[in-house]
Amino acid sequence: MSNLVIVGTQWGDEGKGKIVDLLASSADAVVRFQGGHNAGHTLVINSKTFKLSLLPSGIVRQKLSIIGNGVVVDPIHLEKEIREITNQGINVNSSNFVISSDCFIILPIHKYIDSLRENQKKGSKKIGTTGRGIGPAYEDKVSRRGIRFSDFKNLEELKEKFISIYNHHNVWIEKFEGKELSYRDDFETILKCYQNLSKYMDKTWLLLKQLNDKNRKILFEGAQGFYLDLDHGTYPYVTSSNTVASNASTGSGSNPKYLKKTLGITKAYTTRVGNGPFPTEEDNDVGEKLGKIGNEFGTVTGRKRRCGWLDILMLKKAITVSGINGLVLTKLDVLDSFKDIKICTSYKINNQIVQDYPSNLSSQQSIVPIYETLQGWEEKTKGITKFEKLPLNAQNYVKRISTLVDCDIDIISTGPERDENIILNEAFN
Ligand code: IMP
């Protein structure tokens with residue numbers, strides 16, 4: 001038994017897609033367990049770019065790809081994504097792709113409400129959601145109003161559920177927009193999607209049990225990052241699911257005793273899309289330079305990402321809560337041209353030195369980062385595959401991070417291509 005959970009340690013966009021793709025070559029199955037098509041995973045293979053939002057990244061390697069019960073699925077989007085990836089030459093069929101029939105679905109009304117709510121909010125009160133209906137769909141799940149794929153077995157009851165959801169949300173829509181949304185067209189559209197997608201549906205908890213019984217290697221692919229976690233992140237500027245590693249079990253139905261190793265994916269600097277606290281943000285030329293070299297634009301929304309230095313206190317909390325026992329440092333090459341590189345090692349809040357990430361939003365917003373400055377290497381590291389080949393200052397940067405967070409760095413990513421990595425520890429063994 002050798003299962004692996006991959007999670008982001010920052011605000012998402014740490015480069016998980018590339019690492020999942022790399023490790024998927026040694027896996028038998030890849031499983032998504034939370035989030036939805038708010039995620040954006042970019043894979044570059046032989047200069048060909050694949051952009052995935054909902055399909056597990058393992059599909060590109062033709063590995064068994066599973067969408068677990070914790071994921072919210074927009075059936076219209078899923079059909080489109082399957083179509084697009086098929087057009088890029090990737091075969092998606094019921095032998096290599098399985099969706100849990102326990103998944104809750106995102107309806108067009110969820111997407112509508114997501115945007116409407118964001119538009120109602122002013123300035124920094126906006127969360128900056130992806131506008132894909134993720135929050136409203138999870139809300140309906142928690143309020144016990146939601147619709148699951150398994151509900152499509154009884155069309156009369158399904159229609160009642162649609163009516164109840166639309167009635168519920170129409171009270172609010174009517175108040176702000178002076179109109180109501182009709183469930184009828186959406187019901188027909190989603191039903192058609194279901195009919196096309198039903199061939200992929202199954203009991204994924206059982207499938208995972210069978211795989212575990214046969215000692216298969218399963219890779220759990222987290223979406224977003226630790227600080228977007230509903231409980232542990234920078235609430236309310238978070239997503240609506242738990243992004244921590246332990247949700248790999250709840251969100252897939254896989255017994256937690258099978259989760260062996262957790263890899264935390266960490267960008268060599270920090271980025272964030274959307275609003276909310278970001279203590280080490282460099283809202284200046286440094287941030288602009290990081291964003292330009294790192295091509296920091298959202299995969300899903302195209303939005304420009306906010307950029308700043310690496311934050312050790314944030315990383316430590318993510319390692320502790322997610323039980324991370326190996327790190328993957330990505331995009332090291334983006335720092336190649338920096339003369340000095342900063343790492344935040346403690347905070348000052350109201351003139352007090354603080355060593356742990358605070359939970360209160362106003363404390364998070366008052367953080368003054370305290371930095372350690374390391375000398376940059378000002379040499380090209382792109383594509384390097386051996387640690388000894390890295391410039392000495394780059395080696396020092398990597399070692400310093402590992403020492404400060406007391407965690408091994410298992411892989412260093414030195415470019416977007418599949419083989420641009422330094423492997424220090426094999427993740428699956
Ligand atoms: P939602 O998940 O669309 O509700 O958005 C909530 C917050 O999470 C916003 O700040 C989004 O920008 C952020 N977010 C959601 N998914 C991702 C992701 O995959 N990468 C980075 N940020 C994300």
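Which residues form one aromatic cluster? In this predicted model, the cluster consists of Trp-11, Phe-226, Tyr-227, Phe-278, Tyr-347 and Tyr-357. Its members come from three residue types, Trp, Phe and Tyr.

The structure holds 15 aromatic pairs. A pair of rings is described by the distance of the centres and the angle of the planes. Phe-149 and Phe-152 serve as an example. Their ring centres lie 6.3 Å apart. Their planes meet at 40°, so the pair counts as tilted. An angle under 30 degrees would have made the pair stacked, and one over 60 edge-to-face. Both Phe-149 and Phe-152 are buried.

Aromatic rings also meet charged side chains. The charged end of Arg-117 sits over the ring of Trp-172, at 5.8 Å from the ring centre. Lys-175 places its charged end over the ring of Phe-176. Here the distance to the ring centre is 5.4 Å.

Charged side chains also pair with each other. The count of salt bridges comes to 18. One of them joins Lys-16 to Glu-14, with the closest N and O atoms 2.9 Å apart. That distance is within the 4 Å cut-off, so the pair qualifies as a salt bridge. Lys-16 and Glu-14 are both buried.

A second salt bridge connects Lys-304 with Glu-288, again with 2.9 Å from N to O. Lys-304 lies in the loop between helix 9 (285-293) and strand 13 (306-308), while Glu-288 belongs to helix 9. The two residues are 16 apart in sequence, so their salt bridge ties together separate parts of the chain. Lys-304 has a relative accessibility of 52%, so it counts as exposed. Glu-288 has a relative accessible area of 46%, so this residue is partly exposed.

A third salt bridge is formed by Lys-331 and Glu-296, at 2.9 Å from N to O. This pair links distant parts of the chain, 35 residues apart. Lys-331 sits in the loop between strand 15 (326-330) and strand 16 (340-349). Glu-296 sits in the loop between helix 9 and strand 13. Lys-331 has a relative accessibility of 22%, so it is partly exposed. Glu-296 reaches 1%, so it is buried. Both residues belong to a network of salt bridges that share partners. The network also includes Asp-13, Lys-267 and Arg-305.

Note on methods: Residues are numbered from 1 along each chain as its sequence is written. This is a predicted model: local features need pLDDT of at least 70, side-chain atom pairs count only at pLDDT 80 or more; totals for chains, interfaces and linings use all residues. Side-chain values use heavy atoms; hydrogens and water are left out. Buried means under 20% relative accessible area, exposed over 50%, partly exposed in between (1.4 Å probe, protein chains only). Helices (H or I, at least four residues) and strands (E, at least two) are DSSP runs, numbered from the N terminus. Rings of Phe, Tyr and Trp (its six-membered ring) pair if their centres lie within 6.5 Å; planes under 30 degrees apart count as stacked, over 60 as edge-to-face and the rest as tilted. A charge sits over a ring if NZ of Lys or CZ of Arg is within 6 Å of the ring centre and within 35 degrees of the ring normal.
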